[in-house]
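Me: I am new to this structure and should like to understand the reasoning behind its description. Please take my questions in turn.

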Amino acid sequence: MKSKIFRFLFLLSGVCGLASHALAAESSPITAPGPLGVLAGTFVNAGAGTSVVLMVPGSGPTDRDGNSALGQKPATLRQIADGLATHGISSVRIDKRGMFGSKQAVADGNDVTIAEYASDVRSWITVIRAKTGARCVWVLGHSEGGLVALASAQGQADICGLILLSTPGRPLGEVLRAQLYAIPSAKTVLPQMDAAIDALEAGRYVDVLTLHPGLRGVFHPRVQDFMIDLFHHDPALLLKAYRGPVFIVQGGTDRQISATDDLPLLKAADPEATVVLLPSAIHSLADLGTVPAADGSLPIDGAVVPDIAEFIQKH
């Protein structure tokens, strides 16, 4: 039996979680057409005529709630969806093609491209507009999901605007390189790591047998096609080309996406964007040092949901 290999979660999730909230809004399953089978999601209906936010999860095996099959269970997106419902804003949060509820949409969840993820976003928008009658749909992306949101929005009039949470401003090869350089124990393998990233950025495959065993999972052969495609995209250039409202949220203690290196590039790409820097927030947008709830989760920063809701309501 062939073992399943998930695409490497190189945008490592910070520790965060979710405190459950009782909702008056109705939550129900929703599907959209996929290449081989349906794409699956959850529709939180805050009422007829409300704004609708489509939520795109981050990298690797991350589900519609923002929880990772690799162990991290932040539920960032579920918490935001629940919170937005209390502000009268509906949402759809989704499983990516080939994973979780969308497993049957493609044969291999690792055999994907950013353009294909963006195509799925547009498929979701069509379904949401037909179901709700909304003129347009807001697209929210967390981490790598922000890059997908940017790619999906190019020239699309049916997107109300973008909400970019913990989104990179640099190409993802640069982000991965910075993350690995920040690991003290990786010092001895940095030359191999640099050479591998350089090769993938140039569109060449890497022979993992030449790499230190600790790097072989990062550059596994089954994910190299995706990484070659991923490294080709520049989020700042995509943002510069987009014409529409943009809301950017970044955590000041995020160790995956840098408020120093990534946020300035996004701000420069769209000087009109509304930017919120949460000084104490980590990648998941929970505050650093927050005491876990009974289920082990950490609530996101209290400003996130009200700020997103206010931005949507103003536009």
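Me: How many bridges join S6 to strand S7, and in which sense do they run?

Reply: In this predicted model, 4 bridges join S6 to strand S7 (residues 246-251), and the two run parallel. Pairing requires at least two bridges, so the 4 bridges found here suffice for S6 and S7 to count as paired. Isoleucine 163 stands opposite phenylalanine 247 in S7.

Me: What makes S5 and S6 a pair of strands?

Reply: S5 and S6 are joined over 6 bridges, in the parallel sense. Since at least two bridges are required, the 6 bridges satisfy the criterion. Within this pairing, tryptophan 138 stands opposite glycine 161 in S6. S5, helix H3 (residues 144-152) and S6 also make a right-handed β-α-β unit.

Me: Why is that unit called right-handed?

Reply: The term refers to the path from the first strand over the helix to the second, viewed with the strands pointing away from the viewer; a clockwise path is right-handed. The unit of S5, H3 and S6 is assigned this hand, so its path runs clockwise in that view.

Me: Why is strand S6 described as mostly covered?

Reply: Strand S6 comprises residues 159-165, and 7 of its 7 residues are buried. Buried means under 20% relative accessible area, so each of these 7 residues falls under that limit.

Me: Why is the pair of tyrosine 117 and phenylalanine 226 called edge-to-face?

Reply: The whole structure contains 3 aromatic pairs. In the one formed by tyrosine 117 and phenylalanine 226, the centres are 6.3 Å apart and the planes stand at 70°. The centres must lie within 6.5 Å, and planes over 60 degrees apart count as edge-to-face, so both conditions are met. Tyrosine 117 lies in helix H2 (residues 114-132) and phenylalanine 226 in helix H7 (residues 221-231), so the pair ties together parts that are 109 residues apart in sequence. Both tyrosine 117 and phenylalanine 226 are buried.

Me: What makes tryptophan 138 and phenylalanine 311 an edge-to-face pair?

Reply: Their rings are 5.7 Å apart, centre to centre, with 70° between the planes. With limits of 6.5 Å for the centres and 60 degrees for the planes, the pair therefore qualifies as edge-to-face. The pair links distant parts of the chain, with tryptophan 138 in strand S5 (residues 137-142) and phenylalanine 311 in helix H10 (residues 304-314), 173 residues apart. Tryptophan 138 and phenylalanine 311 are both buried. Ring pairs link Trp138, Phe247 and Phe311 into a cluster.

Me: How do you know that arginine 78 and aspartate 65 form a salt bridge?

Reply: The search of the whole structure finds 12 salt bridges. For arginine 78 and aspartate 65, the N to O distance is 3.5 Å. The limit is 4 Å, so the pair qualifies. Arginine 78 belongs to helix H1 (residues 76-86), whereas aspartate 65 lies in the loop between strand S3 (52-56) and H1, 13 residues apart.

Me: Why is arginine 78 called partly exposed and aspartate 65 buried?

Reply: Arginine 78 has a relative accessibility of 25%. That value lies between the limits of 20% and 50%, so arginine 78 counts as partly exposed. Aspartate 65, with a relative accessible area of 13%, is under 20% and therefore buried.

Me: What makes arginine 177 part of a network of salt bridges?

Reply: Arginine 177 forms a salt bridge with aspartate 194, the closest N and O atoms being 2.8 Å apart. Arginine 177 lies in helix H4 (residues 172-181) and aspartate 194 in helix H5 (residues 190-201), so this pair ties together parts that are 17 residues apart in sequence. The side chains of aspartate 198 and arginine 177 also meet in a salt bridge, at 2.8 Å from N to O. Salt bridges that share partners join Arg177, Asp194, Asp198 and Glu201 into one network.

Me: Which of arginine 177, aspartate 194 and aspartate 198 are buried or partly exposed?

Reply: Arginine 177 is at 18% and aspartate 194 at 16%. Both values are under 20%, so these two residues count as buried. Aspartate 198, with a relative accessible area of 40%, is partly exposed.

Me: Why is the protein chain called as compact as a globular protein of its length?

Reply: The secondary structure of the protein chain comes to 10 helices and 8 strands. Its radius of gyration is 19 Å, close to the 20 Å that the globule rule gives for 315 residues, so the chain is as compact as a globular protein of that length.

How values were computed: Residues are numbered from 1 along each chain as its sequence is written. This is a predicted model: local features need pLDDT of at least 70, side-chain atom pairs count only at pLDDT 80 or more; totals for chains, interfaces and linings use all residues. Side-chain values use heavy atoms; hydrogens and water are left out. Rings of Phe, Tyr and Trp (its six-membered ring) pair if their centres lie within 6.5 Å; planes under 30 degrees apart count as stacked, over 60 as edge-to-face and the rest as tilted. Buried means under 20% relative accessible area, exposed over 50%, partly exposed in between (1.4 Å probe, protein chains only). The radius of gyration is taken over C-alpha atoms; the globule rule is 2.2 Å times the number of residues to the power 0.38.
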